[in-house]
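Trainee: I should like to learn how to read helix packing and backbone angles in a model. Could you guide me through an example?

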Amino acid sequence: VRFDSTLVALSGAGRRAVLHDANRGVTGQAAPAPRLLDRVRARCRVRHLSLRTEQAYVGWIRRFILANDKRHPGTLGGVEVEYFLTSLAVRSRVSAGTQNQALAALLFLYREVLGIELPWMASVTRAKRPRRVPVVLSVDEVQRLLSVMDGRTALLASLLYGTGMRLMEALRLRVKDVDFAQRQIVVREGKGSKDRHVPLPDRLCDGLGAEIARALHLHAHDLAAGHGEVWLPDALARKYPNAAREPGWQYVFPARARSHDPRSGAWRRHHLDEAVLQRAVRRARVEGGLVKPATCHTLRHSFATHLLDAGQDIRTIQALLGHKDVSTTQIYTHVLGRGGHGVRSPLDRLMER
């Protein structure tokens, strides 16, 4: 049905009438209204929220509905929300971060999807997140961890420690964003949808070069098989129809097999699953005899702490990590080998005397 020019000329009421008639279709019956969770997904995509955030919000909203005997959230209010959050804290014993995530999902439902501004929204109690000191490995512990790893996982773990990137930032790395000439990597769409530059360690140039060659060889094989398209952010796929098949947009660490895109359903080759590296780091921690609960994110903490310990200024470290506020970066001053804020214990001076 072509009615684009008609919609432009009509006023608001007339435009709604034309859209209503178009939705009724040729049968004369009104199109069924989208289900609530489908509306949540649609609103998440309008707001350009990540797929992980969308899945988390849908999951919490579904649990909230089931906890209230499948009643529509429009008939519920602050009492039900408070009881649901209290149940998570008391019965399920979830962390403060998980409880606040559930609250954020419910606030998104009422404000963004249902369009309901209720007075109880501002009075809902938020869980206070404790201020934790991050787990940091020493230089010797990092060496022990990396020495028992091999292959792609060893390269990825070294990349996390050598650049300070987050796990998903490393896995989503594209071929075009690795600059061997300038010895730097461009991190695209980091936390907060911000780009930044991180250093490319000289020791990883050969390994990354071989990994890129492997990824491009796999891409050529996919093209020969009639595939070879990769996911592109926003509307780039529509604006540049051939970009998804270009070598520069391919992932540096592609998955072994093609899979269906969870949103569009397209058959593509995605990046390596994060669980592969997480399991490899967990095994290496045990084999290396490390007692600290080290994870992939621990390598990022270690990167920042070791730079700070080497005398690098905190503003530079803030830019490398992509922190919005320097107060977030200052937490690494509490985990230096010299003690909090570099203060020497008076007990050591007493023993010298």
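**Loops and helix packing**

Mentor: Let us begin with a loop: Glu189 lies between strand S2 (184–187) and strand S3 (196–199). Please bear in mind that this is a predicted model.

Trainee: What is the phi of Glu189?

Mentor: The general idea comes before the case. Most residues other than glycine have a negative phi. Glu189, a residue other than glycine, has a positive phi, near 55°. Its relative accessible area is 46%, so Glu189 is partly exposed.

Trainee: Where is Lys70 found, and is Lys70 buried or exposed?

Mentor: Lys70 belongs to the loop between H4 and H5. Its relative accessible area of 66% makes Lys70 exposed. The phi of Lys70 is also positive, near 60°, and Lys70 is not a glycine.

Trainee: How should one describe the two helices on either side of that loop?

Mentor: Two packed helices are described by the angle between their axes and the distance between the axes. Here helix H4 (residues 51–67) and helix H5 (residues 78–90) have axes that come within 11 Å and cross at roughly 105°. Angles of 65 to 115 degrees count as roughly perpendicular, and H4 and H5 are therefore roughly perpendicular to each other.

Trainee: Which residues of H4 and H5 meet?

Mentor: From H4 come Trp60, Arg63, Phe64 and Ala67, which meet Glu80, Val81, Phe84 and Leu88 of H5. In this contact of H4 with H5, 6 residues are nonpolar and 2 are charged, with no polar ones.

Methods:
Residues numbered from 1 in each chain as written. Predicted model: local features only at pLDDT ≥ 70, side-chain atom pairs only at ≥ 80, totals over all residues. Heavy atoms only, no water. Axes fitted to C-alpha atoms, helices over the stretch in contact; angles between N-to-C directions. Helix = DSSP H or I, 4+ residues; strand = E, 2+ residues; numbered from the N terminus. Parallel < 35°, antiparallel > 145°, perpendicular 65-115°, else oblique. Contact = heavy atoms within 4.5 Å. Nonpolar A, V, L, I, M, F, W, Y, C, P; charged D, E, K, R; others polar. Buried < 20%, exposed > 50% of the residue type's maximum accessible area, 1.4 Å probe, protein only.
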